[in-house]
Amino acid sequence: MKVLVTGVKGQLGYDVVKECEKRGIEAIGVDVEEMDITDAAACERVITEAKADAVIHCAAYTAVDAAEDNEDLCRKVNAEGTRNIAEVCRKLDIKMMYFSTDYVFNGQGERPWEPDDPREPLNVYGQTKYEGELAVQELLEKYFIVRIAWVFGVNGKNFIKTMLRLGRERGAVSVVDDQIGSPTYTYDLARLVVDMIQTDRYGIYHATNEGLCSWYEFACQIFKAAGMNQVKVTPVDSTAFPAKAKRPHNSRMDKSKLAENGFEPLPSWEDALERYLKEILPA
């Protein structure tokens, strides 16, 4: 099998390519230099020349607050770029996997979101990812839409790296405790993704590490696991950090569809965090 992976310089794209290589699956990793997804002709040329059996589309505009001021660019990447790729996949009759987000929901209540729940995005980022979902669903039959949340990986910026830096610099952090969800380790996600792309069990899935926490609980566990118990972590509500883009309070996602379709759920987020810290911290 041969797979083309977009966004290879990002956290997820990087790990997906590594996972493919581990399994002897040929992976062609591209980023904006090799294939600007907002350029339909470039998408057609690169994907066609790759002679791939599938596209795993990891590239995205993910600056949630900046998106509020850059709606056109965000849409161009997340919605139109995704449509460009889906058009080529349809033409070549190959599989496509698109990564979406908990931000397509309205973030209210306490019930875990199910894959087929109504989508009602809170902000520009969520809206454009929703539009990307619609493009994939409209154009393709051979597709996977995988919604993820609270992502962290070796290659790139994330909440864990930010907490470790602030903990070292300040010795104290304030973190919101009224947003609940599940972290997602790209190393674990990549394993699932490569399992999935080799099947025809198409549809919309939710995929995060198992277990729930608030950002505050996540931060506490980061410092504990990193042996930085001296860092003071103060819980605050979201009003303490006014942001341009509204954030969901409820990012719980029902992942039971994974097991129902024969896929192995991801390990617990605490286990993922321990393994991740071993990767990024000096021994």
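Trainee: Which residue is the bridge partner of L4 in β2?

Mentor: This is a predicted model, and the answer starts from strand β1, residues 2–6, which is joined to β2 by five bridges, with the two strands running parallel. Within this pairing, the residue of β2 that is the bridge partner of L4 is I28.

Trainee: Which strands stand at the edges of the sheet, each with a single partner strand?

Mentor: The sheet is open and has six strands with parallel pairing, in the order β2-β1-β3-β4-β5-β10. Each edge strand has a single partner, so one side of it is left without a neighbour in the sheet. Between neighbouring strands the average turn, direction ignored, is 20°. The strands at the edges are β2 (26–30) and β10 (203–206).

Trainee: What angle does the direction of helix α7 make with that of β4?

Mentor: Two helices can be described by the strands they touch as they pack on this sheet: α1, residues 11–22, touches β1, β2, β3, β4 and β5, and its direction makes about 165° with that of β1. Helix α7, residues 186–197, also packs on the sheet, where it touches β3, β4, β5 and β10. The direction of α7 makes an angle with that of β4 of about 145°.

Trainee: How far from C43 is the nearest cysteine sulfur?

Mentor: A search of the whole structure finds zero disulfides, and a disulfide here would require two cysteine sulfur atoms within 2.5 Å. C43 counts as buried because its relative accessibility is 0%. The nearest cysteine sulfur belongs to C89, and its distance from C43 is 9.4 Å.

Trainee: Is C220 buried or partly exposed?

Mentor: C220 is likewise in no disulfide, the nearest cysteine sulfur being that of C213, 10 Å away. Buried requires a relative accessible area under 20%, whereas the relative accessibility of C220 is 27%, so this cysteine counts as partly exposed.

Trainee: Which residue forms an edge-to-face aromatic pair with Y185?

Mentor: Y185, in strand β9, also pairs with F152 in strand β6, 33 residues apart, and that pair is stacked, with 5.1 Å centre to centre and 10° between the planes. The edge-to-face pair has 5.4 Å centre to centre and 70° between the planes, and it links Y185 to a residue in helix α10 (residues 269–280), 91 residues apart. Both members of this second pair are buried, and the partner of Y185 in it is Y276.

How values were computed:
Residues numbered from 1 in each chain as written. Predicted model: local features only at pLDDT ≥ 70, side-chain atom pairs only at ≥ 80, totals over all residues. Heavy atoms only, no water. Pairing = 2+ DSSP bridges. Helix = DSSP H or I, 4+ residues; strand = E, 2+ residues; numbered from the N terminus. Axes fitted to C-alpha atoms, helices over the stretch in contact; angles between N-to-C directions. Contact = heavy atoms within 4.5 Å. Buried < 20%, exposed > 50% of the residue type's maximum accessible area, 1.4 Å probe, protein only. Phe/Tyr/Trp six-rings, centres within 6.5 Å; stacked < 30°, edge-to-face > 60°.
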